[in-house]
Amino acid sequence: MSSRSADSRGSLSGFTVCLAASLMMAGSLVASYGSHIRRYVAASDVAGNAARVGGQQVVGIRSGDPWIDRRDAESAARRILVANSLTGSVTVSGNKVVVAVTVNSPALVGFLPVDGVWSSEVVRESTTVGER
């Protein structure tokens, strides 16, 4: 004969089900946010490259008065963003090219989309020649 009472039968099963469901949800949140971090890092790399390419649009070197051509810098940086299917803003101010990209990823819980997204802004800048 068992020393357990009839009242405690199945209580461990309920606990196990709740614990397993909680761990699965926590795991899916970790995987979902990990995916967002990968997208953030990739967007950061592209934004940095776009800022560098924009900063390379220097004119006036031979005359001894180098400066960044604003229109060419913005155009070159935007081409990099478009080639990588990203949207963002490009700002050229003096000797700086600043590229900002927003990364949005759907939030998943239990592999089901929920109302919300992971969102982060990536800002990278490149400083080149002296002020004009």
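This passage walks through the fold, helices, strands and surface of a predicted model.

The overall layout is a friendly place to start. The protein has two helices and five strands, and along the sequence these elements follow the pattern α-β-β-α-β-β-β. The protein comprises 132 residues, of which 24% count as buried. Its exposed area is about 8900 Å², with 57% of that area supplied by carbon and sulfur atoms. Contacts that reach across the sequence also deserve a look: among those between residues at least 6 apart, 55% join residues at least 24 apart.

Helix α1 spans residues 11–55, and two of its residues show contrasting environments. L12 lies in this helix and is classed as exposed, because its relative accessible area is 63%. L12 is also part of a nonpolar surface patch, which it makes together with F15, L19 and L23. The patch covers about 450 Å². H36 belongs to α1 too, but this residue counts as buried because its relative accessibility is 2%, under the 20% cut-off. Leaving aside neighbours within four places in sequence, the contacts of H36 are V103, S105, W118, S119 and S120.

The second helix, α2, covers residues 70–83. With 14 residues, α2 reaches 20 Å from its first C-alpha to its last, close to the 20 Å expected at 1.5 Å a residue. Its buried residues include A73, A76, A77 and L81. Seen down the helix axis, the buried residues of α2 fall within an arc of 140°, so they line one face of the helix. The face turned away from this buried side carries R71, R79, V82 and A83, which are exposed.

Helix α2 also holds a charged pair. R70 and E74 both lie in this helix, four residues apart, or about one turn. These two residues form a salt bridge, in which the closest N and O atoms are 3.6 Å apart. A search of the whole structure finds one salt bridge. R70 counts as partly exposed because its relative accessibility is 49%, between the cut-offs of 20% and 50%. E74 is likewise partly exposed, with a relative accessible area of 24%.

After α2 comes a loop that leads to β3, and S85 has its place there. S85 is not a glycine, yet it has a positive phi of about 55°. This residue is exposed because its relative accessible area is 69%, over the 50% cut-off.

Strand β3 covers residues 88–93 and contains V92. V92 counts as buried because its relative accessibility is 3%. Not counting residues up to four places away in sequence, V92 touches I68, R70, A73, E74 and V97. Both partners of the salt bridge, R70 and E74, are therefore among the residues that V92 touches, heavy atoms within 4.5 Å counting as contact. A73, another residue touched by V92, is one of the buried residues of α2. V92 and G54 are 38 residues apart along the chain, and their C-alpha atoms are separated by 8.4 Å.

Two further strands add to the picture. Strand β2 consists of residues 67–68 and includes W67. W67 is partly exposed, at 26% relative accessibility. The C-alpha atom of W67 is separated by 7.0 Å from that of N95, a residue 28 places away along the chain.

Strand β4, residues 96–109, is the place of T102. T102 counts as partly exposed because its relative accessibility is 43%. Not counting residues up to four places away in sequence, T102 touches T87, S119, S120 and E121. Both S119 and S120 also appear among the contacts of H36. T102 and S44 lie 58 residues apart along the chain, and their C-alpha atoms are separated by 9.7 Å.

Definitions and conventions
Residues are numbered from 1 along each chain as its sequence is written. This is a predicted model: local features need pLDDT of at least 70, side-chain atom pairs count only at pLDDT 80 or more; totals for chains, interfaces and linings use all residues. Side-chain values use heavy atoms; hydrogens and water are left out. Patches are made of residues with over 30% relative accessible area and no salt bridge: like charges are joined within 9 Å, nonpolar side chains (Val, Leu, Ile, Met, Phe, Trp, Tyr) within 5 Å. Accessible areas come from the Shrake-Rupley method with a 1.4 Å probe; for residues, only the protein chains shown count as cover. A salt bridge is a side-chain nitrogen of Lys or Arg within 4 Å of a carboxyl oxygen of Asp or Glu. Buried means under 20% relative accessible area, exposed over 50%, partly exposed in between (1.4 Å probe, protein chains only). The expected span of a helix is 1.5 Å times one less than its number of residues. The arc is that of the directions from the helix axis to the C-beta atoms.
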